[in-house]
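Welcome! Have a look at the structure below, then try the exercises at your own pace.

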Amino acid sequence: MTDAVTDRRAELAANLAAVRERMSAAARAVGRSPDELTLVAVTKTFPASDVALLAELGVTDVGENRAQEAAAKHAVAGSPPRWHFVGTLQRNKAALVASFADVVHSVDRAELAHALDRATATLDRPPLEVLVQVSLDGEPGRGGARPDIAADLADLVAAAGHLSLRGVMAIAPLDGDPERAFATLAEAAARIRARHPDATWISAGMSGDLEAAVTAGATHVRIGTALLGRRPPPVG
Ligand SMILES: *Cc1c(COP(=O)(O)O)cnc(C)c1O
């Protein structure tokens, strides 16, 4: 390994240890087992070489938010790890995402569920695992279905032949109390789980609010900055 690769590996290893410690401490503080939590490393904007290093360090799940970037990285890094698509998704990218993703966290409308179902049907692959994204702030640009319609969307996903409903996902509001927002998500999750007992996942919590999410019952945290470092500002 070159020095640069060795340095990056050491940096990622240290960050990973710190993130895992935060997850464990947050779980233990509310009497949960750290084993209930899955870390999804959000590698957007970082190279496929970082995905490979994280996988060597034991990370089993990576997340991306742009279809083309994710597909290109998947082509280089392969699977495992398991690939999670966490970004807002246009219907015309559904086929591309179904070609590499194991899990899509951001299904927030019926037409997108149908497009993913149809795309998955044409591929030689297991059902696509799906989380219904719940909007906690009503901001259309950030994606998510209103909490009161999330359960109907979950019914539709569960009925689709090539999708497997796993639970819910949300992003905390930009301002406001994350604890309160994640409690709203937990209520939506419970309503859906009452109808679909296998829909046990709650994807919530990012670098800044993972403790609040774990306190509210998150099973999957999506961590970018705290693991990989600061991202360059988005272009375009
Ligand atoms: C970028 C992103 C994350 C990770 O955010 P950090 O604050 O960098 O940890 C999590 N979830 C989604 C949907 C994202 O787009």
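Here are three exercises on this predicted model, each with a worked solution.

**Exercise 1.** Work out how compact the protein is for its length.

*Solution.* Start with the make-up: the protein has nine helices and eight strands. Next, take its radius of gyration, 17 Å, and set it beside the 18 Å that the globule rule gives for 236 residues; the two are close, so the protein is as compact as a globular protein of that length. For the extents, the C-alpha trace spans about 50 × 45 × 35 Å along its principal axes. Finally, 47% of the 236 residues count as buried.

**Exercise 2.** Decide whether A119 is buried or exposed, and find its surroundings.

*Solution.* First locate the residue: A119 sits in helix α5, which runs over residues 110–121. Its relative accessible area is 10%, and buried means under 20%, so A119 is buried. Now leave aside the neighbours within four places in sequence: A119 is then in contact with A94, A95 and A98. Lastly, compare sequence with space: A119 and H162 lie 43 residues apart in sequence, while their C-alpha atoms are 8.8 Å apart.

**Exercise 3.** Find the largest cavity and sort the residues that line it.

*Solution.* Begin with the count, which is one cavity of 30 Å³ or more. The volume of the largest cavity is about 40 Å³. Then list its lining: Q133, V134, S135, L136, D137, R142, G143 and I171. Sorting these residues gives three nonpolar, three polar and two charged.

Terms used. Residues are numbered from 1 along each chain as its sequence is written. This is a predicted model: local features need pLDDT of at least 70, side-chain atom pairs count only at pLDDT 80 or more; totals for chains, interfaces and linings use all residues. Side-chain values use heavy atoms; hydrogens and water are left out. Helices (H or I, at least four residues) and strands (E, at least two) are DSSP runs, numbered from the N terminus. Buried means under 20% relative accessible area, exposed over 50%, partly exposed in between (1.4 Å probe, protein chains only). Contact means heavy atoms within 4.5 Å. On a 1 Å grid over the protein atoms alone, a cavity is a set of points where a 1.4 Å probe fits but cannot get out, and a pocket is an open set with protein on both sides within 12 Å along at least five of seven lines; lining residues have an atom within 4 Å of a point. Grid points are joined across faces, edges and corners, and a volume is the space filled by probe spheres set on the points. Ala, Val, Leu, Ile, Met, Phe, Trp, Tyr, Cys and Pro count as nonpolar, Asp, Glu, Lys and Arg as charged, and the others, Gly among them, as polar. The radius of gyration is taken over C-alpha atoms; the globule rule is 2.2 Å times the number of residues to the power 0.38.
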